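This briefing covers the overall fold and then the surroundings of one helix. The sequence and structure come next, followed by the points grouped by topic.

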Amino acid sequence: MPQRSQPISTAAQLGAVLQSARKSRKLTQTQLGTRLGLSQTRMSELELAPGTLSVEQLLKLCANLGLQLSVQPREDNSASSNAPRTDW
């Protein structure tokens with residue numbers, strides 16, 4: 001199967017990708033949670049608000065879904081995308 005890259009810029013997009021990958025593997029939140037030692041409720045929270053994931057948790061979740069994390073420069077290199085962010 002050809003590899004498909006999915007650009008992600010927001011936590012909501014990450015949640016959608018994680019949910020889609022879980023469903024494509026025909027796993028319920030409960031089944032995936034069991035593999036990771038998490039409850040179904042926590043799995044739902046992670047899909048809805050993945051901003052609460054640690055990097056280690058994200059990597060484990062990706063591994064269980066057959067995904068890999070890749071970081072690369074954005075395709076949009078406009079001046080506005082290079083402006084410092086102040087919402088941290």
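**Packing of helix α4**

In this predicted model, the buried residues of α4 pack against three other helices: α1 (11–24), α2 (29–36) and α3 (40–48). The points below describe α4 itself, then the protein as a whole.

**The two sides of α4**

- Helix α4 spans residues 55–64, and its buried residues are L58, L61 and C62.
- Viewed down the axis of α4, these buried residues fall within an arc of 100°, so they line one face of the helix.
- An α-helix has 3.6 residues a turn, so residues three or four places apart point the same way.
- On the face of α4 turned away from the buried side, the exposed residues are E56 and A63.

**After the helix**

- G66, located just after α4, has a positive phi of about 70°.

**Overall fold**

- The protein contains 4 helices and 0 strands.
- Along the sequence, the order of elements reads α-α-α-α.
- Of contacts between residues at least 6 apart in sequence, 54% join residues at least 24 apart.

**Burial and surface**

- The protein has 88 residues, and 20% of them are buried.
- About 7000 Å² of the protein is exposed, with carbon and sulfur atoms supplying 53% of that area.
- L58, L61 and C62 of α4 belong to the buried residues, whereas E56 and A63 of α4 are exposed.

Methods
Residues numbered from 1 in each chain as written. Predicted model: local features only at pLDDT ≥ 70, side-chain atom pairs only at ≥ 80, totals over all residues. Heavy atoms only, no water. Helix = DSSP H or I, 4+ residues; strand = E, 2+ residues; numbered from the N terminus. Buried < 20%, exposed > 50% of the residue type's maximum accessible area, 1.4 Å probe, protein only. Contact = heavy atoms within 4.5 Å. Areas by Shrake-Rupley, 256 points an atom, 1.4 Å probe, with all protein chains shown as cover. Arc of directions from axis to C-beta.
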